[in-house]
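Trainee: I would like to take a close look at a single part of this model, and I would be glad of a connected account of it.

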Amino acid sequence: MNDFVNYLNSTNNVGGNSTGSLAEIQVKSCYYDSVKVDRKLGTYITDCIQNGDHKAFILTGHAGDGKTSILVQVLKNLGRLQASEGLLVQNEYDDFLYFKDMSEIKPEKQAEALQMAVTAPAKGKTSLLISNTGPLLKGVEAMVRAKKKAVGSAFTPEDRLKLQSLLLRQLDENGNSSLNIEGFEFVLVNIARVDNVPFAGLIMKKILEPQLWAPCSTCVCAERCPIKNNYEIVATQFDRVTQFVENYYRFLYENDKRMTIRQMVGQISYALTGNLTCEYIAGRYLKEPFFVYNFANLFFGYNGLKKAKDVAQIKGIGQLQNLELDRVALDADYSLFVSQDYSCFLPKIQKELTALLHRNQKHYQITDETQLLDEKKHEEELRLRRAVRRFYLLFSLCESEEESNHVMDQIFGAPYTEYKRLISGKQPRLILKRMQSMVFEALYIKNTGYLSEDKNTLPLTLRREDDVFQNVMIVLGEVNRGDLEVIQTTAASHFEDVDSKFDLYLQLGQNRFKLSLPMITYFNNLINGAISSNNNPALTHGIAQLDALLLEQYGDKPPKSEEDCELSVIINTTQGQVIKRFSFENNQLSI
Amino acid sequence: MKMYPDVAIRKKEYPLQSILFGHRIQPSQTKYEYLIEFFQVAIAKKRSGNGPNGTTSFVIEEMFPIVQAANGQFEYSPQLRIGLKRFIFLPKSKLDGKAEVDKVAYRECVKALEKQMVGGNALTKENSIYVIQNLLCGFSAVNQSRSWFDQNVLPICPEVILPEGMGVKSKRQTMEFDVNNTAVDEEFDYHKYTYMCRGGEVYYLHLLNAVAEHPEYKSLIESRLHEMITSFPQFSYLCNFIQNTWETYYTASKDVKSEVKKLGAIPAVFSQRNGQTLSELSNFLNSKSHPFEKMETFANGIILQIMRMMYVAASTDQESNCWVIDANCSGYENVEAKKRAISAFRHNEEVISTYLYQNLPQYRYLLDDKKDDQTIIKDAANDSYRLFRKLGKMIGVIIPNSGKGMRFSLSEDIIKFLVLSIIPPKQMVTLDEFVDLLYQHFGMVIGPDQYQIEMDRGSVSNVGDLSFLKSNLQAFAQKLKDCGFLRDLSDATSIVENPYEQEDSNE
């Protein structure tokens with residue numbers, strides 16, 4: 001029996017026991033120290049206290065993002081919290097003051113707590129107040145209102161909107177510097193804006209620490225235990241599995257579907273145990289345990305070929321089932337499904353898949369047409385393929401990084417790894433140039449409807465916003481290929497846990513336009529022949545903004561007079577594009 | 001009913017629906033035609049009506065002449081430029097409307113233009129004509145098969161913002177082209193209101209009344225509207241070149257009489273929305289977006305504001321005529337919200353219908369005696385709530401487009417207008433606040449809080465469990481997110497941002 005399995009099972013919200021997902025209870029667990037991951041912000045706050053550089057920190061974020069863990073980290077660093085000791089609602093030391101959760105303080109006392117927190121540095125203390133965003137906004141508003149009232153000035157609805165906007169902007173951008181509002185100075189950190197994807201690997205590493213699994217090796221069920229099997233196969237191919245898991249979380253993050261740390265822990269734990277307990281396994285005979293409860297199946301929310309019940313409430317699984325990544329056709333499909341060649345897997349997995357194949361093999365040929373068209377049969381076949389793909393995505397052996405990147409690109413979109421490379425490390429100019437070319441070509445197609453070879457200037461055309469076709473368009477300016485520069489900027493802050501994090505922008509003179517993964521995927525699709533972006537209004541809106549920026553930067557200045565005006569139009573003809581220019585002179589049109 | 005302008009309504013001047021909801025909206029007007037017609041009044045030369053001895057006290061080109069005519073009583077004369085319209089639309093229009101005289105006039109116009117072109121041979125000249133025509137025709141506002149004189153260009157420059165002039169078949173078919181014949185360009189009827197049905201005038205009057213009440217908005221709104229239609233002077237030059245060339249050739253043009261039009265009237269209760277309309281409009285116009293994007297969103301916004309003020313006009317203390325919105329986001333289907341929205345929509349229509357019945361006796365003496373009450377109500381219903389359905393569907397606030405279960409919802413385009421008009425540029429508010437603002441401005445009920453208020457007031461049906469509205473709110477949040485206006489910030493707080501920059505200051 002391994003008690004750690006029970007701990008893992010308590011970290012997700014499927015089934016009765018989810019106590020481990022509560023930060024307060026987590027802290028007291030004997031496994032807490034084994035699985036916790038230290039955060040940069042925690043170290044930063046500790047340093048402030050120890051160096052006497054006192055500041056007021058207000059921390060907000062999603063439930064499960066690790067706000068309480070940061071407080072615990074600070075207290076442990078200072079030696080003020082013993083193992084299995086709980087936290088108080090608020091506590092004050094000579095140099096440190098904390099409020100564990102604003103919502104646990106009575107509403108009438110909240111403003112007071114906030115005031116205490118922001119004035120702590122003046123009293124030689126660092127303070128840390130953890131709060132939900134709603135009460136925080138109200139609290140700051142009340143504080144400012146009271147201060148304004150005290151000095152006899154009005155707090156208008158416009159002031160209120162501006163204040164709210166200021167706080168929300170800080171929470172959105174998570175800038176380094178402290179805010180100073182009406183003399184109240186504090187550092188406002190939104191931990192939900194910290195990139196937490198790299199934690200997936202760290203968490204997996206911690207969870208798979210051999211000593212946590214030591215009891216399994218002496219267990220009587222060791223030979224038939226799916227949990228132990230999962231531990232072993234994942235530990236053996238740790239890098240490969242982590243690569244998929246991290247890439248999946250990265251993909252969600254870049255598509256604004258970020259996972260919290262608690263959600264990651266929940267999904268990874270579930271994928272290891274399937275919420276089975278040691279007692280359950282000991283007392284029952286499980287059919288095909290190493291296939292049905294395999295990490296690959298559980299991670300996608302499947303028990304063998306069937307979807308497991310109720311697991312979609314684990315966010316990572318729910319998203320994965322919506323995305324249906326195991327439906328995406330792969331280059332390896334032919335060898336997997338036609339040649340039935342499983343040599344890309346380790347022998348243990350090969351064995352499972354071959355057994356699966358045998359169980360589902362048909363020893364007869366279907367000749368009856370009605371049977372051939374039978375949807376049910378098709379679905380069975382499809383389910384089988386999807387299961388094999390799940391194994392492929394998590395466990396296929398890749399000889400080089402390039403090869404494994406190629407697998408990721410097939411499911412997350414062709415420019416995925418290129419994009420990831422660009423946001424996770426400084427890249428040589430050549431790679432930036434390649435991205436630049438792609439953006440240029442996509443914009444060219446978008447603006448003119450064609451992609452002509454060897455074009456080096458991008459016409460900024462005036463097009464209608466609706467989908468009415470125009471074969472003659474006015475040209476409002478031109479951009480040289482070289483002027484559309486793709487740049488990387490560092491997103492370093494005290495609170496980011498990753499050191500080399502970059503944002504990708506299209507530099508347009510003094511303006512910048514952020515290139516997100518969905519945007520780059522859209523550009524790539526445009527080049528490959530997709531016509532419309534109407535299925536995603538967020539993109540349409542982003543593109544309209546890009547158009548406006550391009551026009552502002554590179555559009556010709558509107559002519560001041562008729563004599564000053566040269567009208568250029570681009571004409572789409574069957575022979576390609578023609579640009580025609582007109583100018584006006586004394587009531588005449590020069591062509 | 002007090003009207004704006006405050007004039008006495010003569011017998012048979014207006015039907016019941018016009019007295020109650022303004023003169024007038026009709027089903028044939030498309031959304032761009034509301035926009036064009038509004039601009040047509042706004043940019044036209046205005047002058048006071050004839051005084052006792054035929055004198056006019058002012059002639060002015062201001063958009064909203066509140067100093068001279070805050071009471072809304074004036075005439076306006078739109079630019080006609082029928083030659084330009086003929087040039088743009090005749091070749092690609094319905095055969096039926098092409099009279100021989102116009103075909104000849106068109107050919108003459110092309111010849112005159114070719115003469116005014118410098119450089120190139122006959123073929124390139126011909127090609128250039130074709131190119132210019134296609135360029136302008138590409139901005140056609142309505143893609144329906146219509147006669148050339150019923151067509152309109154999007155307001156890409158002031159020169160193309162033209163009134164509707166109906167070519168009367170019987171007159172034009174017998175006409176012969178002659179450069180000295182004024183009838184060629186004059187013989188059009190500008191008072192038919194077939195497609196430009198005066199919906200734009202209704203909106204203009206509402207804005208004029210609003211600006212008169214809040215003059216602090218005047219210069220901002222005027223200058224932003226002006227910028228919207230003058231961003232591309234190239235089009236102005238091109239259109240002037242065509243029209244001037246035509247007028248030089250067609251010598252009778254100087255004798256073609258200008259047209260004088262008079263505005264209708266709107267009920268004074270529309271002024272309840274004055275402040276809101278202006279604040280929405282100023283936020284919207286201050287958001288820096290591409291002029292075309294702005295134009296399209298504005299066209300939707302005009303319809304939305306018109307619809308709302310008409311619903312408000314019919315509201316009472318007990319019946320707020322609020323709009324229960326079914327967020328209708330795919331993946332977040334919510335049967336209960338749909339059901340409630342459908343029944344609320346039905347109730348909205350009952351409120352308007354009651355409003356018609358209640359007011360009939362009071363205004364019976366002004367209406368046509370030959371028509372019985374039933375016919376009057378039927379006509380009024382057709383031009384009020386039945387027409388609102390059409391308007392709502394046109395901009396996507398009423399779904400589905402056909403079939404049962406009509407209800408209020410919000411399309412992506414309308415969401416864009418709402419965000420841009422309620423939140424100042426580059427500012428953000430929480431989702432809860434945004435939903436509350438939508439309620440205050442447009443009576444939109446999306447979440448449980450708003451429903452509760454309406455329930456207490458008695459204008460929506462009583463429901464014990466409001467949790468379906470929580471899901472409805474979530475669905476709405478997802479929709480906002482899909483449109484790129486919402487971001488999850490942290491625990492249960494999302495922000496709605498107007499992502500557009502502030503337009504440069506007027507100077």
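Which strand of chain A is joined to S5(B), how many bridges join the two, and do they run parallel or antiparallel?

Mentor: In this predicted model, the strand of chain A joined to S5(B) is S16, residues 588-590, and two bridges link the two strands, which run parallel. One residue pair places this link: Ser590(A) has Val118(B) as its bridge partner in S5(B). The pairing belongs to an open sheet of six strands with mixed pairing, whose order is S9(A)-S10(A)-S14(A)-S15(A)-S16(A)-S5(B). At the edges of this sheet stand S9 of chain A, residues 457-462, and S5 of chain B, residues 117-118, each of which pairs on one side only. Further along the sheet, within chain A, S10 (residues 472-480) and S14 (residues 566-573) run antiparallel and are joined by four bridges, and here Val472(A) stands opposite Ile571(A) in S14(A).

Turning to the wider contact between the chains, 42 residues come from chain B and 46 residues from chain A. On the side of chain B that touches chain A, S5 is one of the elements that give two or more residues, and the others include the helices H6 (122-137), H11 (233-249) and H13 (291-313) as well as the strands S12 (428-430), S14 (486-490) and S15 (493-497) of chain B. The element that gives the most to this side is H11(B), with seven residues. By residue class, the side of chain B that touches chain A divides into 17 nonpolar, 17 polar and eight charged residues.

Key: Residues are numbered from 1 along each chain as its sequence is written. Chains are lettered from A and ligands numbered from 1 in the order in which they are written. This is a predicted model: local features need pLDDT of at least 70, side-chain atom pairs count only at pLDDT 80 or more; totals for chains, interfaces and linings use all residues. Two strands pair if DSSP finds at least two bridges between them. Two residues are in contact if their C-beta atoms, placed from the backbone, lie within 7 Å. Ala, Val, Leu, Ile, Met, Phe, Trp, Tyr, Cys and Pro count as nonpolar, Asp, Glu, Lys and Arg as charged, and the others, Gly among them, as polar.
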